[in-house]
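Work through the exercises below with the structure in view. Each task is followed by its solution in steps.

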Amino acid sequence: MDMTTSDTWTHVCSVSDIPRLGSRVVKRADGDVALFRTTDDEVFALHDRCPHKGGALSQGIVHGKTVTCPLHSWNIALETGDACAPDEGCTLRFAVKVDGDAVLVRFT
Amino acid sequence: MNAPRLVVIGNGMAGIRTIEELLALAPNQYEITVFGAEPHPNYNRILLSPVLAGEQTFKDIVLNPLEWYEQNGITLHLGKTISRIDRKRRIVMAEDGTEAPYDRLLIATGSQPFILPVPGAKLKGVITYRDIGDTQAMIDAAQVKRHAIVIGGGLLGLEAANGLKQRGMEVTVVHLAPTLLERQLDASAGRLLQRSLEARGLRFLLSKATTEIIGNDAGEVAGVRFKDGEEAEADLVVMAAGIRPNTTLAESAGLHCDRGIVVNDTLQTYDPRIYAVGECVSHRGVAYGLVAPLFEQAKVCANHLALMGIGTYKGSVLSTKLKVTGIDLFSAGDFIGGEHTEQIVLSDPASGVYKKLVIEDDRLVGACLYGDTADGAWYFKLLREGRRLGELRDRLMFGESSIGDSGVQGHNRAASLADSDEVCGCNGVCKGTIVKAISEKGLFTLDEVKKHTKAASSCGSCSGLVEQILMSTVGTSFQETPKTKALCGCTERTHDEVRKAVREHKLLTHRAVYEFLEWRTPNGCATCRPAINYYLVATWPHEAADDPQSRFVNERVHANIQKDNTFSVVPQMKGGVTTPDELRRIADVADKYNIPMVKVTGGQRIDLLGVKKEDLVSVWQDLGMKSGHAYGKSIRTVKTCVGSEFCRFGTQNSTQMGIDLETMLANMWSPHKVKLAVSGCPRNCAEAGIKDVGVIAVDSGWELYVGGNGGIKTEVAQFLAKVKTAEEVKEYTAAFLQLYREEAHYLDRTVHYIARVGLDYVKRKVVEDAANRHALYERLLYSLQGLPDPWQARIDGQHQREYIPIKVIA
């Protein structure tokens with residue numbers, strides 16, 4: 001499994017291209033992906049749609065390892081894509097690898 | 001390597017609530033063991049009365065089912081009473097020999113019913129009313145026995161009496177005092193209550209001291225004898241003459257007790273390893289017997305167990321409600337009153353309504369309501385906030401609906417709503433949904449209801465109504481009663497404390513604030529970050545760092561996000577005045593970028609809706625106009641009428657006045673949005689009466705009004721001052737707005753700020769003190785000096801990457 005999927009890592013940007021506690025959007029035909037960077041320079045990637053009403057998570061405020069959707073303030077965990085209780089829902093998550101300064105995302 | 005061990009003695013509401021709060025803060029901090037003397041998981045003791053009355057079953061009132069303990073890795077010992085605490089070896093021992101070592105111990109042993117020390121108190125058929133076991137005993141007794149005497153006319157006694165009556169018994173309540181519920185009601189309300197309970201078939205013997213319980217030959221109860229020599233027959237006696245903190249165990253362990261286990265403001269006992277919460281506790285000399293204070297204690301205690309060490313418990317204000325269906329009574333605070341208080345009383349005995357409000361020093365300090373309690377939550381709120389009544393006083397007695405409140409709570413009352421009636425218009429939440437969430441999920445606070453149902457979580461205008469529903473559903477005093485509210489879940493600090501620290505310690509960065517004020521989270525949350533960002537830039541203009549990542553998207557991007565994630569663009573049109581050239585450019589931009597809607601706004605300008613984020617900067621460039629700040633907690637517009645230039649009634653040039661004000665206030669950030677209007681005559685076509693600052697021209701000068709609001713709840717602006725010159729209009733306006741900028745809590749509109757500090761205070765600072773007014777004016781001008789137009793700054797390349805998506809080449 002790992003061998004086949006490891007081929008599909010896509011280099012998207014440098015870590016420094018994403019603001020700390022901020023986000024950048026990767027435009028894709030299959031739906032935009034939001035990249036998030038924490039204060040510790042961890043990078044996460046989620047489908048840029050809140051499970052609630054489709055708000056662009058990339059536009060939300062990032063705190064700890066959570067982003068708050070700009071439309072109705074749902075909190076989404078960056079690590080899992082799950083909505084934080086008591087809200088229920090989940091947004092698609094993509095694997096991210098940081099190699100030096102390079103951010104690699106597995107879109108499949 | 002092993003986690004420290006936390007042992008909890010007491011599996012009731014206070015102890016388990018503490019654990020829940022602790023798990024939320026620090027899920028894996030402790031290995032937790034809980035001992036409960038009862039054979040049941042934690043249940044809602046408040047709801048025993050509905051169980052007794054047959055309105056609910058035990059299953060309905062369980063708060064934490066056994067699976068909850070399992071899921072959270074808690075070792076649970078049911079039916080095991082702890083008989084000894086060995087503080088030297090740090091071990092607790094149960095009656096059956098079970099031992100558990102601890103590193104931290106939490107005592108939550110609750111209270112026990114007070115048994116009158118009279119002969120016969122141990123006879124068969126004499127029971128107390130404290131737990132589900134007692135409740136079941138009463139239910140069983142009601143099936144075979146006929147005459148019940150309940151000793152005690154307090155909350156518990158009356159609820160027991162009502163339950164037994166509902167189960168078919170003949171019930172007499174014996175009470176020492178001359179009126180019922182004398183700790184919750186004054187004498188007038190107590191008598192009304194007595195009358196309506198008598199109408200339900202209960203009998204009362206008041207001013208009666210019980211001296212003996214009489215038994216028969218079989219050792220069963222047969223009656224009660226009183227001090228005056230009279231007797232009454234009974235085959236069931238319920239002792240409900242009060243509760244006493246259960247301190248036996250703590251005392252035997254040598255912990256200092258004085259009518260309760262004595263704790264400090266962090267809920268710590270005299271042994272620093274041992275904490276105590278709930279009804280067993282004596283805090284600042286008070287032992288609480290209602291649930292709200294217990295939950296506040298739980299929160300603080302959990303904070304300290306989680307080693308955060310910042311919360312303190314300072315005592316609670318209480319309110320009461322009787323859980324007898326169909327009887328409405330409410331009381332809070334000092335409802336008896338004294339030498340220094342005044343009273344407003346409404347008494348209508350024929351229709352069974354009695355209301356008494358106690359006022360001291362222009363503040364509501366107590367309320368006692370009988371028959372119509374719809375405004376209980378509102379009075380309780382006024383009481384907790386301790387806010388000055390001022391003009392409110394005249395209409396206080398007539399309730400919240402009388403104060404011109406056109407919001408939801410004005411014409412709807414919790415009790416009269418049907419389940420399908422909408423309570424929260426923003427999120428479409430009906431009463432039934434709220435009631436269901438409260439009972440099924442065991443919610444007790446407004447915050448919890450907001451989180452679970454979303455009701456009152458958007459505009460907040462239905463908060464009062466949701467609070468009423470919460471009260472009528474849960475029944476007794478349930479809410480948390482913070483006198484000052486924490487800024488958010490990341491801290492115990494209030495807005496005022498944060499503002500003060502930023503000012504006095506010259507904090508210039510978010511990091512400095514979090515460190516100095518010991519934030520619980522590494523970088524705040526979506527609630528506190530924008531607030532702190534505002535406090536930083538407003539307190540230290542040109543010095544503090546404005547952090548774009550701590551601003552809500554609209555203020556970061558300088559456009560308004562819409563439901564489909566596009567943005568709206570509103571260029572500045574000072575005073576609502578535009579030119580053919582500007583209109584042509586707007587039209588061209590709308591064509592070029594396929595803008596789906598062009599709309600005239602309420603603030604006299606033009607909104608371009610549906611702009612893609614990546615087009616924003618070029619749209620601004622093509623418009624060649626400045627930002628209208630229609631997206632920020634900031635200056636919005638100055639609405640004007642045409643004034644003396646064209647209008648035959650106009651007395652002053654209101655249009656130019658509006659333009660001048662909008663020019664002066666350009667780029668001003670504020671605690672919430674700020675809207676102004678200038679009308680050229682008292683006909684007030686610019687609607688200055690509902691603006692944060694409204695200016696109305698009269699022949700002899702200008703009238704200034706402040707604190708108006710046309711939003712969620714319409715508020716008419718209040719008269720601030722009358723001035724002569726245009727320069728004075730600018731100075732007074734700027735001074736008032738600067739005062740608001742310096743002192744208001746983030747997200748308070750001017751109306752909320754004025755309600756908090758009082759209009760008199762504002763007048764003192766802005767109108768009466770010329771030197772202070774001028775200083776405020778200067779400080780505002782200094783804050784705004786040299787601020788660039790944000791659109792132009794971005795056209796010039798600032799924060800460029802914000803607007804540019806990353807493109808992946810496949």
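**Exercise 1. A strand pair and its sheet**

Find how β28(B) and β29(B) pair in this predicted model, then place both in their sheet.

Step 1. β28(B) and β29(B), the latter spanning residues 567-569, run antiparallel to each other and are joined by two bridges.

Step 2. Across this pair, Ile561(B) stands opposite Phe567(B), a residue of β29(B).

Step 3. The sheet is open and has four strands in the order β28-β29-β31-β30 of chain B, with antiparallel pairing.

Step 4. The edges are formed by β28 (560-561) and β30 (597-600) of chain B; each has a single partner strand, so one side of each has no neighbour in the sheet.

**Exercise 2. Two residues with positive phi**

Locate Asn565(B) and Asp362(B), and decide for each whether the residue is buried, partly exposed or exposed.

Step 1. Asn565(B) belongs to the loop between β28 and β29 of chain B. Its phi is positive, about 70°, although Asn565(B) is not a glycine.

Step 2. Count the other C-beta atoms within 10 Å of Asn565(B): there are 21. The cut-off for buried is 20 or more, so Asn565(B) is buried.

Step 3. Asp362(B) sits in the loop between β24 (353-360) and β25 (363-370) of chain B. Asp362(B) is not a glycine either, and has a positive phi of about 65°.

Step 4. Around Asp362(B) the count within 10 Å is 13 other C-beta atoms, so this residue is partly exposed.

**Exercise 3. The two sides of a helix**

Describe helix α5 of chain B: how long is it, which residues are buried, and what do they pack against?

Step 1. α5(B) covers residues 132-144, which makes 13 residues. From first C-alpha to last it reaches 19 Å, close to the 18 Å expected at 1.5 Å a residue.

Step 2. The buried residues in α5(B) include Thr135(B), Met138(B) and Ala142(B). They lie on the same side of the helix because they cover an arc of only 60° around the axis. An α-helix has 3.6 residues a turn, so residues three or four places apart point the same way.

Step 3. Asp140(B), Gln143(B) and Val144(B) are exposed on the other side of α5(B).

Step 4. The partners of the buried residues of α5(B) are α2 (48-52), β9 (126-128), α6 (155-166) and β16 (236-239) of chain B.

**Exercise 4. Where the chains meet**

Describe the contact between chain A and chain B.

Step 1. On chain B, 20 residues are in contact with 26 residues of chain A.

Step 2. Two elements of chain B, α14 (446-453) and β37 (806-807), each supply at least two residues of the side that touches chain A.

Step 3. Sorted by class, that side of chain B has nine nonpolar, six polar and five charged residues.

Step 4. β37(B) pairs in the parallel sense with strand β2 of chain A (residues 22-27), over two bridges. Here Lys807(B) stands opposite Lys27(A).

**Exercise 5. Chain A: a cis bond and the confidence**

Find the cis peptide bond at Pro86(A) and state the confidence in chain A.

Step 1. The bond between Ala85(A) and Pro86(A) is cis, with omega about 0°. Pro86(A) is in the loop between β7 (75-77) and β8 (93-99) of chain A.

Step 2. The average pLDDT of chain A is 90, and 94% of the residues score at least 70. Over residues 1-5 of chain A the pLDDT is below 50, and beyond near neighbours in sequence this stretch has one contact in the model.

Step 3. Where pLDDT is low, the predicted coordinates should not be read in detail.

Key: Residues are numbered from 1 along each chain as its sequence is written. Chains are lettered from A and ligands numbered from 1 in the order in which they are written. This is a predicted model: local features need pLDDT of at least 70, side-chain atom pairs count only at pLDDT 80 or more; totals for chains, interfaces and linings use all residues. Two residues are in contact if their C-beta atoms, placed from the backbone, lie within 7 Å. Ala, Val, Leu, Ile, Met, Phe, Trp, Tyr, Cys and Pro count as nonpolar, Asp, Glu, Lys and Arg as charged, and the others, Gly among them, as polar. Two strands pair if DSSP finds at least two bridges between them. The expected span of a helix is 1.5 Å times one less than its number of residues. A residue is buried if 20 or more other C-beta atoms lie within 10 Å of its own, exposed if 12 or fewer, and partly exposed in between; C-beta atoms are placed from the backbone. The arc is that of the directions from the helix axis to the C-beta atoms. pLDDT is the predictor's confidence in each residue, from 0 to 100.
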